Amino acid sequence: MDPRRFSDLIIFGRVAEARSFTAAARSLGVTQSAVSQTVKRLEGELGIRLLSRSTRSLTPTAAGEQLLATLVPNVTELDAKVADLERLREEPGGNSG
């Protein structure tokens, strides 16, 4: 997978979770504009709208929900694996045997 696509998916996930471009941007430490452009680019590349936007709400479309159903558990699993690796780094090294 193209590393940028992976990053775009993570950003989409944050927006969908927060239901806000502004809150997602704040949590990621980037501008709201950058987050909005990223989601727009992802939707353009996929050729399908992932988020339904109105002046008062932002919700995943049916396609967005399908993507999230795969994305969320996989990102959660990756986060857990990275945490496991970080714990290994902190343990005294070496197995004698």
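**Exercise 1. The course of helix H4**

Determine where H4 bends and by how much in this predicted model.

*Solution.* Step 1: the bend is located at Leu68, and its angle is about 30°. Step 2: the length of the helix is then examined. Helix H4 comprises 29 residues, 62-90, and at 1.5 Å a residue these should span 42 Å. Step 3: the C-alpha atoms at the two ends of H4 are 42 Å apart, which agrees with the expected span.

**Exercise 2. The buried residues of H4**

State which residues of H4 are buried and name elements that cover them.

*Solution.* Step 1: the buried residues of H4 are Ala63, Gly64, Leu68, Leu71 and Val75. Leu68, where H4 bends, is thus one of the buried residues of this helix. Step 2: the cover over these residues includes helix H1 (3-18) and strand E2 (58-60).

**Exercise 3. The packing of H1 against H4**

Describe how H1 and H4 are arranged relative to each other, and classify the residues in their contact.

*Solution.* Step 1: two packed helices are described by the angle between their axes and the distance between the axes. Step 2: for H1 and H4 the angle is about 105°, and the axes lie 10 Å apart. Step 3: because angles of 65 to 115 degrees count as roughly perpendicular, H1 is roughly perpendicular to H4. Step 4: on the side of H1, the contact is formed by Phe6, Leu9, Ile10, Phe12, Gly13 and Ala16; on the side of H4, by Gly64, Leu67, Leu68, Leu71, Val75 and Leu78. Step 5: sorted by class, this contact has 10 nonpolar, two polar and no charged residues.

**Exercise 4. Length and burial of H1**

Compare the expected span of H1 with the distance between its ends, and list its buried residues.

*Solution.* Step 1: the 16 residues of H1 should span 22 Å at 1.5 Å a residue. Step 2: the end C-alpha atoms of H1 are 23 Å apart, which agrees. Step 3: Asp8, Leu9, Ile11, Phe12, Gly13, Val15 and Ala16 are buried in H1. Step 4: the elements covering them include H2, H3, strand E1 (51-53), E2 and H4.

**Exercise 5. The packing of H2 against H3**

Determine the arrangement of H2 and H3 and the classes of the residues that meet.

*Solution.* Step 1: helix H2 (residues 21-28) packs against helix H3 (residues 32-46) at an angle of about 110°, and the axes are 8 Å apart. Step 2: H2 is therefore roughly perpendicular to H3. Step 3: from H2, Phe21, Thr22, Ala24, Ala25 and Leu28 take part, and they meet Gln32, Val35, Ser36 and Val39 of H3. Step 4: the contact has six nonpolar, three polar and no charged residues.

**Exercise 6. Three individual residues**

Decide whether Thr61, Ala18 and Arg19 are buried or partly exposed.

*Solution.* Step 1: Thr61 lies in the loop between E2 and H4. Its relative accessible area is 19%, so Thr61 is buried, the limit being under 20%. Leaving aside residues up to four places away in sequence, Thr61 touches Arg49, Leu50, Leu51 and Ser52.

Step 2: Ala18 belongs to helix H1. With a relative accessible area of 36%, Ala18 is partly exposed. Beyond residues up to four places away in sequence, Ala18 touches Ala23 and Ala24.

Step 3: Arg19 is in the loop between H1 and H2. Arg19 counts as partly exposed at 43% relative accessibility. Most residues other than glycine have a negative phi. Arg19, although not a glycine, has a positive phi of about 55°.

Notes
Residues are numbered from 1 along each chain as its sequence is written. This is a predicted model: local features need pLDDT of at least 70, side-chain atom pairs count only at pLDDT 80 or more; totals for chains, interfaces and linings use all residues. Side-chain values use heavy atoms; hydrogens and water are left out. Axes are lines fitted to C-alpha atoms, for helices over the stretch in contact, and angles run from 0 to 180 degrees between N-to-C directions. Helices (H or I, at least four residues) and strands (E, at least two) are DSSP runs, numbered from the N terminus. Angles under 35 degrees count as roughly parallel, over 145 as roughly antiparallel, 65 to 115 as roughly perpendicular and the rest as oblique. Contact means heavy atoms within 4.5 Å. Ala, Val, Leu, Ile, Met, Phe, Trp, Tyr, Cys and Pro count as nonpolar, Asp, Glu, Lys and Arg as charged, and the others, Gly among them, as polar. The expected span of a helix is 1.5 Å times one less than its number of residues. The bend at a residue is the angle between axes fitted to the seven residues ending there and the seven starting there. Buried means under 20% relative accessible area, exposed over 50%, partly exposed in between (1.4 Å probe, protein chains only).
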